[in-house]
Structures are given as structure tokens and as C-alpha cells.
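Open the model in your viewer and keep the selection tool at hand. We will go from the whole chain down to one side chain.

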Amino acid sequence: MFGFGIWELLIILVIILVLFSRRLPEIGQGLGKGIKGFRKSLHEPDEIDVTASEKGEGEGSKKD
């Protein structure tokens, strides 16, 4: 496709690891939290807010 062989891909991977070696734990932690939140949202039912708002409570009634 792009003409990359296995050695070129390995060199690119090593360069990326060297550049991001200090931030890898932070990146992994953020990715893990994102996946955990996504899975949690798949298994929980949707919540619907049915409480009346303060603004809409008295709009329908007439005050004489």
C-alpha cells in the first residue's frame, strides 16, 4: 500500500516509543478510563429526567 516493510514499521514504532515514553502511563490510563466508561454506558439503562423545572411549574395556571 505505502511501500513500508517490516523494518520501516519497526523503526517508526521505536521512534514513537522514544518520543512518548514519559507520557505512556498517562495515555494508557486515559485510554483505559475511556474504554471503561464506554462499556459502563452500554450496560446501564438510559436515564430520563422527569422532574418539573421551576420555570415551567406555574406557566399553565392562570392567576385571577
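The stops below run from the chain to a helix to a residue.

**Whole chain.** Select everything. This is a predicted model. Colour by secondary structure: the chain has two helices and zero strands. Now switch on the surface. About 6900 Å² is exposed, and carbon and sulfur atoms supply 62% of that area. How much of the chain counts as buried? Of its 64 residues, 0% do.

**Helix α2.** Select residues 24-43, which form helix α2. Put a distance between the C-alpha atoms at its two ends: they lie 29 Å apart. At 1.5 Å a residue, 20 residues should span 28 Å, so the two values agree. Is α2 packed away or in the open? Zero of its 20 residues are buried, so α2 lies largely in the open.

**Ser-41.** Stay in α2 and pick Ser-41, which sits in this helix. Ser-41 is partly exposed because its relative accessible area is 44%, between the cut-offs of 20% for buried and 50% for exposed. Next, show the backbone of Phe-38. Its oxygen lies 2.7 Å from a polar atom of the Ser-41 side chain.

How values were computed:
Residues numbered from 1 in each chain as written. Predicted model: local features only at pLDDT ≥ 70, side-chain atom pairs only at ≥ 80, totals over all residues. Heavy atoms only, no water. Helix = DSSP H or I, 4+ residues; strand = E, 2+ residues; numbered from the N terminus. Expected span 1.5 Å × (residues − 1). Buried < 20%, exposed > 50% of the residue type's maximum accessible area, 1.4 Å probe, protein only. Areas by Shrake-Rupley, 256 points an atom, 1.4 Å probe, with all protein chains shown as cover. Polar contact = N/O pair within 3.5 Å; in protein donor to acceptor, adjacent residues only side chain to side chain.
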